[in-house]
Amino acid sequence: MSIYPLQLRDLRFTLFEHLEATEHLGLDKDTLDAFIDAGATFVSEFLQPINQSGDQEGCTRHEDGTVTVAKGYKEAYAQWIEGEWGSVRAPESMGGQELPQALVSVLDELVIASCCAFHNFAGLTRACANMLSRRASEAQQQTWGRKLVSAEWQGTMCLTEAGAGSDVGASVTTAKHIEGDRYLIQGEKVFITSGEHDLTPQVVHMVLARVEGDKPGSKGLSIFIVPKLRLDADGNPATPNDVFCAGIEEKMGIHGSVTTTMKFGENGGCEGYLIGERGQGISIMFEIMNEERIVVGQQGQALAASAYALALKYAKERIQGSSIAAGKRITQEKVAIIEHPDVRRMLMTCKAQSEAGRALLVLTGLLIDRSEAAEGEERSRLDRRIGLLTPICKAWGSETGFQACTTAMQVFGGYGYCKEYRVEQLVRDARIACVYEGTNGIQAIDLLFRKVAGDRGAALRELLDEIQAFVDQNQDAADGRLKDELSALAKHVGEVHEVFAVLAQRFGGGDMLGSALAATPFLALVGNVIGGYLLCQQALVAEAALAEQGAPADAAARREWAEGHEERSFYQAKVETARFFVHQLLSENSWRAAQCKVDDRSALQAVI
Amino acid sequence: MRIFVCVKAVPDTAARIKVDKDGSHIDPSGVKFVLGPYDARAVAKAISLKEAAGDGAEVIAVSAGGTKGERDAKKRLKDALALGADRGILIPDDGCENRDPLEVAKALAAAIKAEGEFSLVLLGRTAVDDQAMSVGPMLGALLGAPCVTDAVGLEIAGGKATVTRAAEGRQQTVELTLPAVVSGQRDLAEEKYPKLKEILKAGKKPIADFAYAWTDGGYTVTALEPPPEPVAGKIVGEGPDAVPELFNLLQNEAKKLSF
């Protein structure tokens, strides 16, 4: 029995009807359906029951440095391994299933929506395995990679140090060459997700360290496989490798996930194995980072979907107040709060944000799949687009996702602030997504400086032209019922062009500080336009389905026609969701554009 | 060893079922269909018997049912294939709802006979939608094989099946000479979840159509009524003082106590 109704109908709509994934993925619809059903069963049976209890119990560190996870996690994790869910993406040569990234997005939403903390164990291991499949030696892939693919061992990424957070180049962890790919590692890493726990017998850390004599800064960093336990001749974890968990963080949320401080080589006995060449540390670590950035955006989106589902259910059940349609008169008849316009506004905000996020993440997955199959100019075009979308998935996905969670909490009134109603956990769990894997501020800089200014706006223009072409082509589609929304979308496309022109001038004139000030509103500006674009595409698909089912043209008649019919109302609401997004959320862009364009240096000038 | 498992697509037990306007069918819109929960255990048991038997053993899933939308029996056959069955047989029947159980048993028997030899036919004790509980025994009669219902344990050795049944208030052990038909309880096997690899493989496993000429008549469902809406609960008081009133209400109003 599911605790959160999973949004399977909209997932299927996005995958099959909107993005027509079966055309791109080489898998038939029945198989994809079976995948979704099995994933939904897994999360309902094993993850939803441990979400709240794991939040309350958290992880426990003992004096000897070992960590115990919350009750129920071990059983769930055993099922994760048994069902082979960890191996979705890795190549067959490492025991993986080589499934498309679009399906990973679908699976991730189900898992995160059910238990975000659990995903932190599983998702990170997968990202490490995928990186090894591309960058590690054959021997390393067989020794370490296979066990990460099967999820029998945990993978981690160790970048951050107390003095090297967003500035990772300041890292002071050292590596001393022994022989071959073997090095002695020494240093301390902080904020290490899943660095130590009892879910798996082995933890395999991917550690950034500087080989003695290599240059300072991020370009002098190398990356090493550093296991918790060294292996015996048969490849089984055997003897301690001088890796110690010195502490765990008391966090605001994701309590089921353990965040550790790891000491490597405190006693001079920690061995690590170089991946790739010396000095490639950052570029290799970024392979995990880029994958995780998309995952973290999905955390925002999936938690928003859960929060929406909870709020919608509550709003339909909670009877409070009379209908506002009666004016000031207090009537005898009390109504469910979903009848109140402001509650509907909040619910639609959550719905629109979580559905736009879903579309963006599944789309990005599909683009990754298409890029892998493409060559030449087509491949570079797709990679440009993926590069542009990655910081938007991460920052826009987490930001709007968190907003949706707090909006959903508001629907509950005072009860939402209380643990029993579960939505406050989602707010706490979602908040970290705005921070880790590169703060949203870093993402905004990545977007503006590297992905947009870096190619003189080419990737951005390609996207904006595509949206404009979509608007031009569909002005009269669905008997012009979405004309207003498409015109508004086009207006906001124009606005992005204008803002980019202003910022290009600022950037070109060497005003880096002034440009950086605009980075965050600029990311929101672009994210919102993409959200509007995707939901308008979905609205047109929904309009076609409505026409096929004989829906009346008139809005009021259509509402009545759809009422009480699950399929009809699904499509009817899809159209209204696009309208709502364009008029209520995308309209925020006028303000965002003003923030970007204004020559306001107060934040830089103020002596604070 | 060749094991047939008969499976049925049924509405998810968590689904809210509404009766269609005609008053004798369910309204399938928005209702999710799943592999019958008892059937799923029968499939799990068949797979473990096959694994124990080793090379040459085969599990064939058979379903008589719809071909469209959510009621599509082929999807449920794929569920059985994802759990480890080797191949499927679909007996298309778009009028499957309210179908005479005898007709269903005849169709299944025909499909199984057409395959030649069999060692065992397994099925769930009942389909959770119509709960007729009769296809298993009728199938035994039609196949001329001994049949045991409500199995909670099943072992195969030396051409015989030893079946443990949960009979009311006692447990019974029955020995059957193969081939035999066994309908299983929930406890016949542990719940099995499909592995990812098997889900993907299931898409490529064969499902053959078996045509059966369905006939109507003899058995007609004339009305289907949902259970009454539950009435609101009542708190009659607190502590031992409330017991006499509770007793009174249970006996005289709810009529749940009688002596």
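Which residue is the bridge partner of A151(B) in β12(B)? In this predicted model, the partner is G184(B), and that pairing is a handy place to start a walk through chain B.

The two strands concerned are β9 (residues 147-157) and β12 (residues 180-184) of chain B, which run parallel and are joined by 3 bridges. Both belong to an open sheet of 9 strands in chain B, where the pairing is mixed. Reading across the sheet, you will meet the strands in the order β11-β10-β9-β12-β8-β1-β6-β7-β13. At the edges stand β11 (170-177) and β13 (207-209) of chain B; each has a single partner strand, so one side of each has no neighbour in the sheet. From one strand to the next, the twist averages 30°. Helix α1 (residues 37-53) of chain B packs on this sheet, where the helix touches β1 (2-6), β6 (58-65), β8 (120-124), β9 and β12 of chain B. Set against the direction of β8(B), the direction of α1(B) makes an angle of about 150°.

Before leaving chain B's strands, have a look at the loop between β11 and β12 of chain B, where P179(B) lies. The peptide bond that joins L178(B) to P179(B) is cis, with omega about 0°. As background, most peptide bonds are trans, and most residues other than glycine have a negative phi. Chain A offers a case of the second kind: R456(A) is not a glycine, yet its phi is positive, at about 55°. You can find R456(A) in the loop between α12 (440-452) and α13 (458-474) of chain A.

Now turn to the place where the chains meet. How many residues does each chain bring to the contact? Chain A gives 23 residues and chain B gives 16. Together the two chains bury about 1700 Å², of which 56% is on carbon and sulfur atoms. Three residues, Y193(B), L196(B) and L200(B), supply 35% of the area that chain B buries against chain A, more than any other three residues.

Charged pairs have a part here as well. Between chain B and chain A there are 6 salt bridges. In one salt bridge, the side chains of E82(A) and K195(B) meet with N and O 3.1 Å apart. Across the interface, 7 residue pairs are in polar contact. On the side of chain B that touches chain A, α2 (73-82) and α5 (196-202) of chain B each supply at least two residues. The largest share of that side, 4 residues, comes from α5(B). By type, the residues on this side of chain B divide into 8 charged, 6 nonpolar and 2 polar.

Over all chains, the count of salt bridges comes to 71. A pair worth finding within chain A is R89(A) with E372(A), whose closest N and O atoms are 2.7 Å apart. This salt bridge links distant parts of the chain, with the two positions 283 residues apart in numbering. R89(A) sits in the loop between α4 (73-82) and α5 (101-114) of chain A, while E372(A) belongs to helix α9 (residues 341-373) of chain A.

Methods
Residues numbered from 1 in each chain as written. Chains lettered and ligands numbered in written order. Predicted model: local features only at pLDDT ≥ 70, side-chain atom pairs only at ≥ 80, totals over all residues. Heavy atoms only, no water. Contact = heavy atoms within 4.5 Å. Buried area = accessible area lost by both parts, 1.4 Å probe. Salt bridge = Lys/Arg side-chain N within 4 Å of Asp/Glu carboxyl O. Polar contact = N/O pair within 3.5 Å; in protein donor to acceptor, adjacent residues only side chain to side chain. Nonpolar A, V, L, I, M, F, W, Y, C, P; charged D, E, K, R; others polar. Pairing = 2+ DSSP bridges. Axes fitted to C-alpha atoms, helices over the stretch in contact; angles between N-to-C directions.
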